Every structure is written in C-alpha cells, then in structure tokens.
Amino acid sequence: MDTIVIGGGNKLHGKVRISGAKNAAVAILPAALMSTGKISLSNLPDINDVRTLIAILENLGVAIRRRGRNAVELNPSRLRGYSPPYELVKKMRASYYLMGSLLARFGRAEVPIPGGCDLGPRPIDQHLKGFAALGVDIEIEHGLIKLAVAKMRGAHIYLDVVSVGATINLMLAAAAAEGRTVLENAAKEPEIVDVANFLNAMGASIKGAGTDVIRIDGVSQFGSAEHMVIPDRIEAGTYMMAAAATGGEIVVEDVIPKHLEAVTAKLREMGVTVDVEPERIWVKRTDHLLPSDIKTFPYPGFPTDLQPLSMALLTAAEGTSIITENVFDGRFRHVDELKRMGAQIKVEGRTAVVEGGQPLSAAPVAATDLRAGAALVVAGLMARGETVLSEAEHIDRGYEQFEEKLRGLGASIKRVRSRGGIMV
Ligand code: EPZ
C-alpha cells in the first residue's frame, strides 16, 4: 500500500478546482446500463471507484471510449449479461447500484453481497425490501444476491431508514416498472437529484427527487443522453476545512454553494470567514478557531462524510467541542489515529468530545476509509513535524489528484509508492 508524507505548518493559499461528485458518478455509471442508445458523461471524477465501475461496465459488454480524463462515451446497446465479475465488484460498495440498473434492463441481476467497510455495518435491507415490493424474487446464496422478475410493478414504498443508496437503487429499478412507484421517506441528497436528472434525460419519468417523496412512472425504453455530473460537495468541504485547519485562505471553484450550506454555517460558527459567490466559495481563517458542536444528519444536515474532517479541524479550536454521529454506527475509526497525533478525544457511543487547543504532533498513522484518510492528511498539515500516512489507496477511491491539488495550495505533501511492499 502507498504512503503519503505530509510536512506540517504550511498555511494553504490559492485556488482549487473541485471535481465531479463521486457519489453521483458511482450511481450514474451503473444507470447508463439501462439505455439502449448512446450515453455521453462529462465532469466525471478521475478516481478509482469510477475506474472500477468502468471496468465492470466493459466486462458486461458496454463499449466505452474515454474522452480525456473526465469524460466518457458509452454504448450499452449490446450487453453480455447481468452478472458483474466478483473480483471487481468487491472493490467498492456502490456496486450495489448494479442491482437496480440490471433489473431495469433485464429483470435479472446477480451481484455479490457488497462488502462492509470501516463505517460499521452497512446493511442493504431497505434496498431488498423495496425490490421485493416491486415484485422481484430475491435469493441469497454463495455470497451472491440473485434477483429475478418477469415484469416489475410499481408500488408504494415507505423506507424505514433515510438511505441514499436505497433511494437511488429503487429509483433505478422503479424507472422501468409498470405503473407508478412512490418512494416515501426518501433521502434528499443532491446526488439523488443528479441521478434523477440523468434518468429523466434518458427518458424516465421521475418527479420529486430532492424531497422525501419521489414519484416514478415506469417507462419501457431508455434512450441516448448527455450528462454533466454535479460538483463534489464533500471534496469541496474537505478543502474548505483544510484551509481553516491551517489558518490559510483559499477559493474553491466550480461548486454549488447551496450544497454546502451546513458546512459554511459551521465554519462561520467556528470564527472562519466564508464568502459565497455563485460558483465559488472563499474561505479565510485569521484568528483563533472557536469550538463548535456538530451533529451529522442526512441532507440538508451536516454531512457524515465530513465528520472526520471536522474532528481533525476542531482539535485546533480553543475549547471543548462535541461531535455526534447520527448516520452510521461506529464511524469513529479515525479517533484512535488522531489520538496517536496527540488529539484529546473521548468517545461515548455516538458522541466524541474533542478537547482542542493542544497542537498535534506528527506520527505514523493509517487510513481506515477515504474520509478518515483525508482527515489524517489535514491533521498532518496542522501537526508539528512530518506525518506518514499508510493505506493511502483509500483516499484514491474518492479524491481526484489529492496530493497535487493540496501541493497547488502550498502544502508540503508527497506520495511514496510501494510496489510489492518495497517503497519506490
Ligand atoms: C452513501 O452511502 C454514500 N456513499 C456515503 O458516502 C455516505 O456516507 C452515505 O450515503 C450517507 O450520506 C455513496 O453514495 C456511494 P445510506 P450509503 O444508505 O448509501 C443505514 C463516502 O465517503 N441503512 O444513506 O451506503 C446505514 O447503515 C461514502 O463517500 C440501513 O439500515 O448510506 C446507515 O446507518 C461513505 N439499511 C444509514 O442507513 C439499508 O438498507 C445511512 O446509510 C441502507 C442503509
């Protein structure tokens, strides 16, 4: 696994362009399988999860042409089957979207049970409950989820849990069901709206995405479409927090400020100057950081994906902050790593109490998931000395050119590649 070496103490300054949203792209690529026309996607983030999905689509028979780093043209008119390869699917959780899109295309799908990851258990019971409501027969054996249905019929589905994945997966399947499906208690993330817009561009009939009630009238055919992926609000929030953490001044460009309102509000509460323009946000921290209480919630609440970043940042605040993780059980794997750098953090259940004010000191740490990895890089930027972060591949799943973009902002950061365990 590669390591990233971070020299602490530089204040970030300058401009950084934000890439397309990972959590929209990893649903839009599987959704493209539903079309029998030609699909052109732009503003795709150049990250490992996208590369993995492109490999899966090619394996299923999609003809794909890359148009530069961030655009592809797909021709899914001739697919070879509905069983994506295990060795690729197990690399990423979001491959579960292949269930919804293959059901829409074939009425069949055989997808390995998605791996958990270090956010604690990641059940998909709501996805399966919804598929069953649409009339799909579900069998789980030998680690495979086998789904089959002659013709899906629209249903009224009430989600027990506000789930991004279940909302999107059921939108994919219901788009091809006979009649109307209503999803109640749906998640409202901007990425869900982006997927719905893409599906409608292909000929679907979806209304209400972005609210907690989504109406889907099934259609029998999906045609050609062009789509530009929305900007990644979590990537943008990562750089905004990194600027605040280092006492710097940066501009994040090509963003949709509305998607970052909870983050902007929190940073202002901490005493950070945040100015918003139509497609860019300017972040500047000059004086002391104030402690703040953060509670994660589904959108439009404070995003769970920025909880690790906010924890690293709040170690620099003068006082006590309380962080409550309401979305995932156990999304505190980064706490032990931050404590190795001298952070004073106590965890009780879903709550972490952060005693700020003591400067962090560099130490060897390990990334446990992509957001924890990004948080440890930010901690390294704040710490005295040189931090060595191992398991850096986690970061590559969701951040395009992470080191390059940070170096462009004045960070002292470099990657040491390991080939077969030898650092090169
Ligand atoms: C999506 O994961 C994102 N991933 C996550 O981002 C993000 O943290 C999460 O939504 C919440 O915003 C992608 O979009 C690829 P959920 P997802 O279903 O869909 C429970 C990142 O770093 N639940 O909204 O898997 C679940 O356990 C990643 O980019 C059920 O109980 O999350 C969790 O507690 C990390 N049953 C809560 O709901 C289900 O069937 C929210 O999960 C599904 C979910």
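**Ligand surroundings and a four-stranded sheet**

By class, the shell around the ligand comprises 13 nonpolar, six polar and seven charged residues. The model is a predicted one, and the values reported here are computed from it. Of the 26 residues that surround the ligand, those that come nearest are Asp125, Gln126, Ser163, Asp305 and Val327. Several helices contribute to this shell, with at least two residues supplied by each of helix H1 (22-31), helix H5 (125-133), helix H6 (164-174) and helix H12 (370-382).

Oxygen atoms of the ligand are approached both by side-chain and by backbone atoms of the protein. A polar side-chain atom of Lys22 is placed 2.9 Å from an oxygen atom of the ligand, whereas for Pro123 a backbone N or O atom lies 3.5 Å from a ligand oxygen atom, and for Val327 a backbone N or O atom lies 2.5 Å from an oxygen atom of the ligand. The ligand taken alone exposes 820 Å², of which the protein buries 89%.

An open sheet is also present, built from four strands in the order S4-S5-S3-S13 with mixed pairing. Its edges are formed by strand S4 (63-66) and strand S13 (225-228), each of which pairs on one side only, and the twist from one strand to the next averages 15 degrees. Strand S3 (residues 39-42) and S13 run parallel and are joined by four bridges; within this pairing, Leu41 has His227 of S13 as its bridge partner. Helix H7 (residues 190-201) packs on the sheet, where it touches S3 and S13, and the direction of helix H7 makes about 160 degrees with that of S13.

Terms used
Residues are numbered from 1 along each chain as its sequence is written. This is a predicted model: local features need pLDDT of at least 70, side-chain atom pairs count only at pLDDT 80 or more; totals for chains, interfaces and linings use all residues. Side-chain values use heavy atoms; hydrogens and water are left out. A residue is near a molecule or strand if one of its heavy atoms lies within 4 Å of it. A polar contact is a pair of N or O atoms within 3.5 Å; within protein, one must be able to donate a hydrogen and the other to accept it, and residues adjacent in sequence count only if both atoms are side-chain atoms. Accessible areas come from the Shrake-Rupley method with a 1.4 Å probe; for residues, only the protein chains shown count as cover. Ala, Val, Leu, Ile, Met, Phe, Trp, Tyr, Cys and Pro count as nonpolar, Asp, Glu, Lys and Arg as charged, and the others, Gly among them, as polar. Two strands pair if DSSP finds at least two bridges between them. Axes are lines fitted to C-alpha atoms, for helices over the stretch in contact, and angles run from 0 to 180 degrees between N-to-C directions. Contact means heavy atoms within 4.5 Å.
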